[in-house]
Amino acid sequence: MKGREQKIFGLPETCPDGDRTSSEGHEGGQTYMRITENNLTSNHHQSGNGLLEQILSPINLNAAYKQVRRNKGSGGVDRMDVGSLKDYLVGRKEELITSIERGKYCPNPVRRVEIPKENGKRRGLGIPTVVDRVIQQSIAQQLSLLYEPEFSPWSFGFRPKRSAHQALSKCRDYITEGYKYAVDIDLEKFFDTVNHSKLIEVLSRKIKDGRVISLIHKYLNAGVMNEGKYEETPEGVPQGGPLSPVLSNILLNELDRELERRGHKFVRYADDMVIFCRSRRSAGRTMQNIIPLIEGKLFLKVNRDKSKVAHVREVKFLGYSFYVYKGEGRLRIHPKSVAKMKVRIKELTSRSNGWGNDRRKEALSQFIKGWVQYFKLADMKALLVGVDEWYRRRLRMVIWKQWKRIRTKIANLSKLGINKHKAYEWANTRKSYWHTAGSYILSTTITTQRLRIAGYVFFTDFYSRIRVAS
């Protein structure tokens, strides 16, 4: 059995980058902190005041533990979940802190999972063990404090007090100022292709504590377990752990600063970036000059098939698209985002998912409110009117199927005001559920108001509510 596989079962192993034994797996106690109900404490006597000591300080570790617990999420290769984290961490701090400080700590490989993307392909995520998530979170917190003052003001992803809405508002401002052409750069599999040597070089300029650089390097090289087989990770920062977002921002800040130096107007959210220009010709020149920088200096890959120079109305950014009205930049929902929303509504109103009405109402309410809240910057009132008509028809279709028996349909239609002869006629229809759901009979009996009273949330209702509130 290989070393990496042994570790999953709690057996000692040797780090691949040196003769250094790692902490044990689930049974052996991959922990180094003492947890109380409301606090994470450490009695370890630290010998220095470097960055590693700040990472391992009681207050920082406690904040990291609480954040991991709040985020929840599934377990890593050892299958330990967040609910077991507190009990598992109790009394295991000393050996682990000593192991980290002496450079003998080895992280577990991440567990590879795949999630579907909009284009039908799948995105790979790397799920660290919950204990490794605590360590990563403690590192990320200190790196954020260290690098936040240096980050570009036009970078909005994975940063405190910054959001996608702020990024979109800045795009809108640029368009209003006359920057109506865009360089839409697509970084091909960014998180999977980050060059480790380049990232370590960038980190080493700021971080002078070699122990921290070494620990980060170990996480980069920890590898993945994919369907039970260990795979090395010579490049990339696996998505799914707390450390990846801040490391990606540190690397891409190199690009941000170069764009600022050249005087470009741009907005970046994680690995999504748009550069704004006043003319198509200027945008074309910018594209030609930026690609060599990205590929030659940062060693990242630009997807030339997806990267383009275009008018802003042709650009998709964070699910939105743009347009110009009377010289003013405006936001609308990109058609792909609308299509994705409808797919989800279809899933939630499926006739055969076996859900009860209460569960369906709750799931629909959560999705609709979250979706509208995210897209509230867009001009979408007319769009939502049409979406609600389609959505109500979906609901009527579900209800019609739930009535099942002919006598139940007759009884319910009669209660809703349909005369018995017409109720009998419709209850015996052989037309499809979808056709019947759009009929005059159901639209005048299972009305919008009755659906509201029953507890269903509609897009236009919630949109009007949050627009008034804002």
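Which helices each supply at least two residues of the lining of the second largest pocket? In this predicted model, the elements in question are α3 (58–71), α6 and α11. The pocket that they help to line, the second largest, encloses about 330 Å³ of space, and of its 17 lining residues the closest to the centre are N71, G240, G241, P242 and P245. Helix α3 makes the greatest contribution to this lining, with three residues. Sorted by class, the lining of the second largest pocket comprises six nonpolar, nine polar and two charged residues.

Enclosed space was examined alongside the open pocket. Rolling a probe the size of a water molecule over the atoms shows where empty space is left. The count of cavities of 30 Å³ or more comes to two, and the largest of these cavities has a volume of about 160 Å³. The lining of the largest cavity is formed by 17 residues, among which V110, Q136, Y219, P238 and S244 are the closest to its centre. Two or more lining residues are given to the largest cavity by each of the helices α6 (130–147), α10 (210–220) and α11 (243–261), and the largest share, three residues, comes from α11. By class, the residues around the largest cavity divide into nine nonpolar, seven polar and one charged. Helices α6 and α11 are thus named for the lining of the largest cavity and also for that of the second largest pocket.

The second largest cavity has a volume of about 30 Å³, and its lining is made up of S144, E148, F151, F158, R159, P160, V246 and N249. In terms of class, four of these lining residues are nonpolar, two are polar and two are charged.

Aromatic contacts were then considered. A pair of aromatic rings is described by the distance of the centres and the angle of the planes. Over the whole structure, the search finds 14 aromatic pairs. In one of them, the ring centres of F190 and F191 are 5.0 Å apart and the ring planes stand at 75°, so this pair is classed as edge-to-face; both F190 and F191 are buried. The pair formed by F276 and F322 is likewise edge-to-face, because its ring planes stand at 80°, with the centres 6.5 Å apart. Since F276 belongs to strand β9 (residues 272–277) and F322 to strand β11 (residues 320–325), the pair ties together parts that are 46 residues apart in sequence. F276 counts as buried at 2% relative accessibility, and F322 counts as buried at 0%.

Aromatic side chains also group beyond single pairs, with Y320, W371, Y374, F375, Y391, F458 and F459 forming one aromatic cluster. A member of this cluster, F458, has the charged end of R392 over its ring, at 5.5 Å from the ring centre. A further placement of this kind involves R162, which lies over the face of F156 at 5.1 Å from the ring centre.

With regard to cysteines, a disulfide is a covalent bond between the sulfur atoms of two cysteines. The count of disulfides in the model comes to zero. Among the cysteines, C171 is buried, with a relative accessible area of 0%, and C277 is buried as well, with a relative accessible area of 3%.

The backbone was examined for unusual torsions. Most residues other than glycine have a negative phi, and most peptide bonds are trans. K72, a residue other than glycine, has a positive phi near 55°; K72 is situated in the loop between α3 and α4 (85–89) and counts as exposed, at 58% relative accessibility. F299, which is not a glycine either, has a positive phi of about 60°, and its place is in the loop between α12 (280–296) and β10 (308–311). At 43% relative accessibility, F299 counts as partly exposed.

Finally, A411 lies in helix α16 (residues 406–415) and counts as partly exposed, with 35% relative accessibility. The C-alpha atom of A411 is separated by 8.0 Å from that of A423, a residue 12 positions away along the chain.

How values were computed. Residues are numbered from 1 along each chain as its sequence is written. This is a predicted model: local features need pLDDT of at least 70, side-chain atom pairs count only at pLDDT 80 or more; totals for chains, interfaces and linings use all residues. Side-chain values use heavy atoms; hydrogens and water are left out. Rings of Phe, Tyr and Trp (its six-membered ring) pair if their centres lie within 6.5 Å; planes under 30 degrees apart count as stacked, over 60 as edge-to-face and the rest as tilted. Buried means under 20% relative accessible area, exposed over 50%, partly exposed in between (1.4 Å probe, protein chains only). Helices (H or I, at least four residues) and strands (E, at least two) are DSSP runs, numbered from the N terminus. A charge sits over a ring if NZ of Lys or CZ of Arg is within 6 Å of the ring centre and within 35 degrees of the ring normal. A disulfide is a pair of cysteine sulfur atoms within 2.5 Å. On a 1 Å grid over the protein atoms alone, a cavity is a set of points where a 1.4 Å probe fits but cannot get out, and a pocket is an open set with protein on both sides within 12 Å along at least five of seven lines; lining residues have an atom within 4 Å of a point. Grid points are joined across faces, edges and corners, and a volume is the space filled by probe spheres set on the points. Ala, Val, Leu, Ile, Met, Phe, Trp, Tyr, Cys and Pro count as nonpolar, Asp, Glu, Lys and Arg as charged, and the others, Gly among them, as polar.
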